[in-house]
Every structure is written in C-alpha cells, then in structure tokens.
Amino acid sequence: MIAEAAPVSTHDKEFNPWLAAEARFNEAARRLELDEGMQKVLRTPAMEVTVHIPVQLDDGRLEVFTGYRVQHSIARGPAKGGIRYAPDVTIDEVRALASWMTWKCAVANIPFGGGKGGVICDPSVLSETELEKITRRYTAELVDVIGPERDVPAPDMNTNEQTMAWIMDTYSMHKRTTVTAVVTGKPFQLGGSRGRVEATGRGCLFVTLQALRRFHMEPADTRVVVQGFGNVGGMASKLMRAAGMKIVCVIEWDGALYNPHGIDITALAQHRKEAGTIRDFPDAEAIDPKDALFLECDVLLPAAKENQIHSQNAGHIRAKILCEGANGPTTAEADRILEDRKVFVIPDILANGGGVTVSYFEWVQDRQGYFWNEGLVNGRLEEIMVNSFKDVTSLADHHGVHNRTAAYMLALDRVAFAVKLRGIYA
Ligand code: NAD
C-alpha cells in the first residue's frame with residue numbers, strides 16, 4: 001500500500017509544481033548552508049500512500065478510483081493538508097502541495113507538518129451518492145494513516161464541508177467513537193470553527209495591511225486587482241473593500257471588470273450569485289481578462305489557480321505589491337523577473353496561511369471541546385499573520401533576500417530545528 005516515490009515527469013519544467021517547490025527549496029537551503037543529509041531529510045516525503053477505491057456506480061457498474069495521501073513532514077506535528085478531487089490529480093502535484101503545507105505551517109509557526117491528498121475522479125459527472133461512496137472508502141483505506149495525532153485532512157479543490165463530514169463520520173465509525181478533530185473545514189454544527197470560511201481572505205488582508213504600512217501607504221489610496229472571485233478572492237475583496245481599499249478590477253476566467261473608483265464588491269457578489277458570472281455587471285467596464293493582470297495597481301491578488309504569472313508575462317506586471325492568495329500563482333522563473341522589477345511579493349506560504357491557521361484553531365477547539373467566538377478567532381488569526389509577516393520580512397531584510405526565499409529559509413530552518421531536536425530514530 002505504501003508506494004515508492006515516483007519519478008518526476010519533466011514535460012513542462014516551468015509549470016511542474018514539484019520542480020517549482022524544489023527550486024525554492026534549493027535556493028533557501030543554499031542560503032541556510034543546510035548540509036546535504038538534512039536537505040535529503042527535508043526534501044523527501046515521510047510517507048506516500050496510494051489506495052485503490054472500488055465503487056459501485058449508480059448504474060450498477062463497478063469502477064475503481066485511485067487516491068493518494070502524502071505526508072511530507074511530521075517533524076513539527078501531525079501532517080496537515082487538504083484533499084482534492086479532480087480527473088488530472090497526479091502524485092507529483094499531491095507531493096508538491098504536501099511539501100507546500102509543511103513550509104506554510106512552519107511559516108505560521110503552528111504545530112503541524114504538511115500533507116495532502118487527492119483522488120483521481122471527475123466530480124462533475126459523479127452523483128452525490130457516488131462521491132459519498134468514494135469518500136468513505138478512501139477514508140476507510142486511510143484509517144490507519146490519518147487521525148488527530150497523525151494527519152488531519154481538510155477540503156481542497158472539489159471537496160467541501162460535506163466531504164469532511166463524511167470523512168469524520170467514517171473515521172469515527174471505525175474508531176467506535178466520534179473524533180471531530182480528524183479533519184478540519186467541517187460544518188460548524190459538527191465542530192467546525194467560526195471564521196474558517198473567511199480565514200484565507202482575511203489572512204490576505206492582514207498581510208497586505210502590513211505591507212502597506214511598510215511602504216507608508218494608506219488603505220484609502222490603495223488600488224487592488226483581484227484574479228479569481230471565489231472563496232479566497234471574493235472574501236479578500238470584500239474585507240479589503242471594508243478596510244477602505246479600492247478594488248479596481250476583478251478578473252474571472254470568463255471576463256474582467258474595471259472601475260477606477262472601486263467596484264462595489266457586495267453588489268458584484270450578489271450579481272454573480274444571480275447571473276452565475278461576473279459579466280454584465282452594470283457598474284464597471286468590461287475589459288479583456290488577458291490584459292487585466294497587467295493593470296497598474298498597488299496590490300495584485302492572484303486568487304484563482306497556479307502558474308498565472310510566468311516567464312512570458314511577469315515583465316508586464318505593474319503592481320507594487322503581489323499578495324499570493326492562490327497556491328503557486330507565480331513560477332520560479334517569474335520570481336526573478338518580479339525581483340528585478342522590485343515587486344514586493346508576499347509569497348503564498350505566508351499570504352494564504354490564514355486558512356490553515358484557522359484550521360489549526362478548529363483542531364484545538366475540537367480537542368478542547370470548547371468553542372471560541374468569531375472575535376477571538378479573528379484576533380488570534382491577526383496575531384499569527386502579523387507575526388509571520390514580521391518574521392519573514394525581518395529575515396529578508398537581514399539576509400538581503402527576496403521575501404519568498406526568506407519565507408522558505410524560515411520554514412526550512414524551523415523544520416530542520418525540529419528534526420535535529422527529535423534526532424533520527426534508527
Ligand atoms: P474557488 O474555486 O472558490 O475560487 C477560484 C475562483 O477562481 C473561481 O471563482 C474561478 O472561477 C476562478 N478562476 C478559475 N480559473 C480562472 C482564471 N484562469 N482566471 C481568473 N479566474 C479564474 O477556490 P479558492 O478556495 O478561492 O482557492 C483559490 C486558490 O487559493 C487556489 O490556488 C487554492 O489552492 C488557494 N488556497 C485556498 C485556500 C482556501 O482556504 N480556500 C487556502 C489556501 C490557498
């Protein structure tokens with residue numbers, strides 16, 4: 001059941017997430033002068049599991065799906081990371097995302113390692129019953145792998161609160177007792193946390209406010225361009241607008257809207273809910289989404305998907321601050337171009353750490369059996385985001401490196417320290 005690390009496919013170097021993570025790792029390890037042996041330990045996933053999931057479909061046919069769970073590191077605590085369902089999930093992708101989680105949890109300084117899971121399936125052609133069967137069998141196969149003290153999954157692409165409820169229930173049935181802390185991102189009624197839905201967007205707001213302070217910029221004079229109007233981008237836009245910033249452009253896959261005076265985000269959210277698209281929103285000009293990323297602005301918030309800013313377009317970015325709401329929106333090649341252009345990058349493993357931070361709060365609350373109000377959640381989130389921002393930027397200033405390198409240096413150093421303290425068990 002435990003698979004060997006598969007060779008990395010290199011058909012498209014720049015866009016391969018595993019190679020992208022590795023490029024950042026190598027740079028940080030070089031700067032930290034980490035010895036070869038420790039690099040090997042930090043680079044190699046602790047465990048990779050492949051499971052085959054037989055499911056009887058609604059029409060009576062039997063189908064077998066493949067699922068993965070990668071625990072990249074458990075040095076600082078249980079592995080933590082989402083589960084995605086998609087037809088093109090690969091072990092490379094899951095592995096890269098698991099390592100990202102290790103570094104993200106270390107930057108936030110929360111007591112988790114990193115993990116990620118995925119099931120190769122197309123949720124758009126599966127019924128609710130079929131998805132439930134896949135989820136429950138996947139969980140049953142992983143019952144000795146996951147757990148509150150071992151590995152704590154969460155939602156990711158195409159999985160949601162309902163998926164987490166099924167995982168929690170299946171795990172609990174096997175353990176013969178209700179174990180809410182086995183997953184985070186659960187419905188509030190089953191032990192979810194207040195503030196989890198807004199957490200990633202809210203975290204983006206907190207770090208952006210820190211960056212503005214650094215440049216003596218006022219929120220009221222700040223123009224923001226947001227790519228992706230989903231959970232992260234939609235929440236961040238709403239909260240940034242409430243903090244006084246102007247959201248001058250919203251970019252979606254099927255169109256982009258521009259209003260130099262600021263888009264009314266609440267009205268746009270309502271419009272999208274009703275129309276199913278941001279297009280034809282009356283109070284903004286429709287512009288070509290391909291050009292919209294290159295608008296002159298103070299803050300660019302990519303919050304859609306990976307590899308949006310790459311070697312071919314990074315030279316056109318005209319933002320002062322790039323706040324990476326999405327995971328991996330910038331390729332390693334683009335990093336160098338942005339660095340030359342003096343764009344202040346708030347890297348993904350710092351900027352979007354708000355989600356996993358409130359997941360950590362959910363896990364703590366479940367284990368305590370005592371739930372916090374939203375003010376407490378948001379206040380503690382702010383403290384962690386501000387501290388993480390300060391830790392990363394101080395390290396960047398001290399070593400004269402870019403924020404992304406500093407974030408990786410901070411993370412690698414913290415994980416290496418934990419590995420050294422624990423020692424190598426043989
Ligand atoms: P989501 O599905 O809620 O939103 C994504 C939005 O981007 C959708 O509205 C979609 O239509 C839009 N989109 C897709 N392709 C696009 C394109 N080419 N151009 C413009 N818009 C496009 O997803 P989400 O949860 O908001 O996640 C977005 C990103 O943030 C992902 O990279 C995810 O891994 C990352 N992230 C999410 C969380 C979280 O808590 N949700 C936490 C950390 C990181």
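**Exercise 1.** Find which residue of β4 is the bridge partner of arginine 84, and place the pair in its sheet.

Step 1. The bridge partner of arginine 84 in β4 is glycine 118. Strands here are DSSP runs of E with at least two residues, helices are runs of H or I with at least four, and both are numbered from the N terminus.

Step 2. Strand β3 (residues 79-86) and strand β4 (residues 114-120) run parallel and are joined by four bridges. Two strands pair if DSSP finds at least two bridges between them.

Step 3. The open sheet has five strands in the order β1-β2-β4-β3-β5, and its pairing is mixed. At its edges are β1 (47-56) and β5 (151-155), each of which pairs on one side only.

The model is predicted: local features need pLDDT of at least 70 and side-chain atom pairs count only at pLDDT 80 or more, while totals for chains, interfaces and linings use all residues. Residues are numbered from 1 along each chain as its sequence is written, and side-chain values use heavy atoms, with hydrogens and water left out.

**Exercise 2.** Determine how domain 1 and domain 2 meet.

Step 1. The bounds, which come from an automatic or database domain assignment, are 46-181 for domain 1 and 199-351 for domain 2. Their C-alpha centres lie 30 Å apart.

Step 2. Four residues from domain 1 and five residues from domain 2 form the contact, where contact means heavy atoms within 4.5 Å.

Step 3. About 530 Å² is buried between the two domains, and carbon and sulfur atoms give 63% of this area. Buried area is the accessible area (1.4 Å probe) that two parts lose on being put together, summed over both. On the domain 1 side, Trp100, Lys104 and Val107 lose the most area to domain 2, together 77% of what that side buries.

**Exercise 3.** Decide whether glutamate 252 is buried or exposed, and describe its surroundings.

Step 1. Glutamate 252 lies in strand β7 (residues 246-252).

Step 2. Glutamate 252 counts as buried because its relative accessibility is 12%. The classes are buried under 20% relative accessible area, exposed over 50% and partly exposed in between (1.4 Å probe, protein chains only).

Step 3. Leaving out residues up to four places away in sequence, glutamate 252 touches Gly228, Phe229, Gly230, Arg272, Ile278 and Pro289.

Step 4. Alanine 304 is 52 residues from glutamate 252 along the chain, and their C-alpha atoms are separated by 8.1 Å.
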